[in-house]
Amino acid sequence: MRTPSQSPSRRRIRGAVSIVVLSALIVLLGAVALSIDNGLMLATRVQLQNAADAAALAAMAEVRGGLLQSEAINAAIDIAALHRAGGDDVQIDTGDIEFGSFDYATGNFTPGGLGGISAVRVTARRTNGAPGGPLDLFFAPLLGKDTANVRASSVAGIGTRDLMMAQDISRSFYADRDLAMDALSDFSTLMSDQSVAGDRLGLVSFNELATVESALGVLPDELNPTLDAIADLENSWCPGMDFSNPAFTPICGGTHIGAGIDAAVDELLAAEARDAIRVIVLVSDGVPCEAGNNALTIERTNAALAARDRAEEEGI
């Protein structure tokens, strides 16, 4: 018996289907390969971004602490090296660490010198010419592409600050006045040394009432008026105090923290409106205004809490 043979047309169709399937498989494998390499590039970019974020924060912390630019650069490099990207430790080139300023309104970073800087930009790279080199790909070499350039940048910045110091000059604090004035002077000098363009500092004192001793002044140019005001507290802090004379009644007044906070808030609100971090540095022993006068102590406590709430509501 004769077995019927397939017609030539049927054999041609079968062959065509095989070619189509093979072509589809090649395209599919290529798509899978590209997906894997694209996923690798995406994961590497995320890893580089994490490293850049950490490095920028580390460098900015060093600058804010008053350290040199070289120390800030070293901190950024060391922190970045604790991260891995594309299977290798992240290496930051010193040229990819920039110091400057950041405009929060426009989102623009402007490179500049170290003096008065308010931001650091760090770029982490796996690119040609970078310390770590470009990223090696898995399947793209089959298509003639061995590596890919991947990078990520991060800016760490600090806003300008308005700081009002509020110093308790009541009788209970008199014995420690020298320590308090030294602390205020040291704090003011430190803030000036670590200041960025636009930082301001001022001083109010309080006992029964509050007095503005030094209005907000721009650091570092207007540091001396604040230091002079701190030194002058010696003359307004219970003038003529004589502990050897029990009958002596100094002009001191009791502790009224609420008055001090309110005066500091008023000064901060009266200052030129701008996007600044507003801070009150309160220095007080917290001793009741009059020993044994519970009613007045409760009244002053409530006033202090109210002043605190007011400051918080104003974003201070």
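How many residues does helix H6 have, and how far does helix H6 reach from its first C-alpha to its last? Hello everyone, let's start there. Helix H6 runs over residues 294-313, which gives it 20 residues, and its reach is 29 Å. That is close to the 28 Å expected at 1.5 Å a residue. Please keep in mind throughout that this is a predicted model.

Let's stay with H6 for a moment. Which of its residues are buried? They are Leu296, Arg300, Ala304, Ala307 and Ala311. Those buried residues cover an arc of only 80° around the axis, so they sit on the same side of H6. If the spacing in that list looks regular to you, here is some background. An α-helix has 3.6 residues a turn, so residues three or four places apart point the same way.

What does the buried side of H6 pack against? The buried residues of H6 pack against helix H5, residues 257-270. Now turn the model around. On the face of H6 turned away from the buried side, you will find the exposed residues Asn294, Ala295, Ile298, Glu299, Glu312 and Glu313. And just after H6 comes Gly315, which takes a positive phi of about 80°.

Next, the charged pairs. Side chains of opposite charge can pair when their charged atoms come close. How many salt bridges does the structure hold? The count is 11, and I'd like to walk you through some of them.

Take Asp199 and Arg161, which form a salt bridge with their closest N and O atoms 3.0 Å apart. This pair links distant parts of the chain, 38 residues apart. Asp199 is in the loop between helix H3 (177-193) and strand S10 (200-206), whereas Arg161 is in strand S9, residues 161-168. Both Asp199 and Arg161 are buried.

Another one joins Arg177 to Glu234, with the closest N and O atoms 3.4 Å apart. Arg177 lies in helix H3 and Glu234 in helix H4, residues 223-236, so this salt bridge ties together parts that are 57 residues apart in sequence. Are the two partners buried or exposed? Arg177 counts as buried because its relative accessibility is 16%. Glu234, with a relative accessible area of 33%, is partly exposed.

Two more examples, and then we move on. Arg308 and Asp309 meet through their side chains in a salt bridge, at 2.9 Å from N to O. Asp309 is partly exposed at 32% relative accessible area, and Arg308 is partly exposed at 40%. There is also a network of salt bridges, which links Asp262, Asp266 and Arg310.

Now let me point you to a small residue, Ala76, found in helix H2, residues 69-80. Ala76 is buried, with a relative accessible area of 0%. What is Ala76 in contact with, leaving aside its neighbours within four places in sequence? The answer is Ala55, Ala59 and Ile97. Ile92 is 16 residues away from Ala76 along the chain, and their C-alpha atoms are separated by 7.9 Å.

Last stop: the surface. Leu34, Ile36, Phe138, Phe139, Leu142 and Leu143 make a nonpolar surface patch of about 650 Å². Let's pick out one of these residues, Leu142, which lies in the loop between strand S6 (135-136) and strand S7 (147-148). Why does Leu142 count as exposed? The relative accessibility of Leu142 is 73%, and the cut-off for exposed is over 50%.

Thanks for listening, everyone!

Notes:
Residues numbered from 1 in each chain as written. Predicted model: local features only at pLDDT ≥ 70, side-chain atom pairs only at ≥ 80, totals over all residues. Heavy atoms only, no water. Patch = residues over 30% accessible without salt bridge, like charges linked within 9 Å, V, L, I, M, F, W, Y side chains within 5 Å. Areas by Shrake-Rupley, 256 points an atom, 1.4 Å probe, with all protein chains shown as cover. Salt bridge = Lys/Arg side-chain N within 4 Å of Asp/Glu carboxyl O. Helix = DSSP H or I, 4+ residues; strand = E, 2+ residues; numbered from the N terminus. Buried < 20%, exposed > 50% of the residue type's maximum accessible area, 1.4 Å probe, protein only. Expected span 1.5 Å × (residues − 1). Arc of directions from axis to C-beta. Contact = heavy atoms within 4.5 Å.
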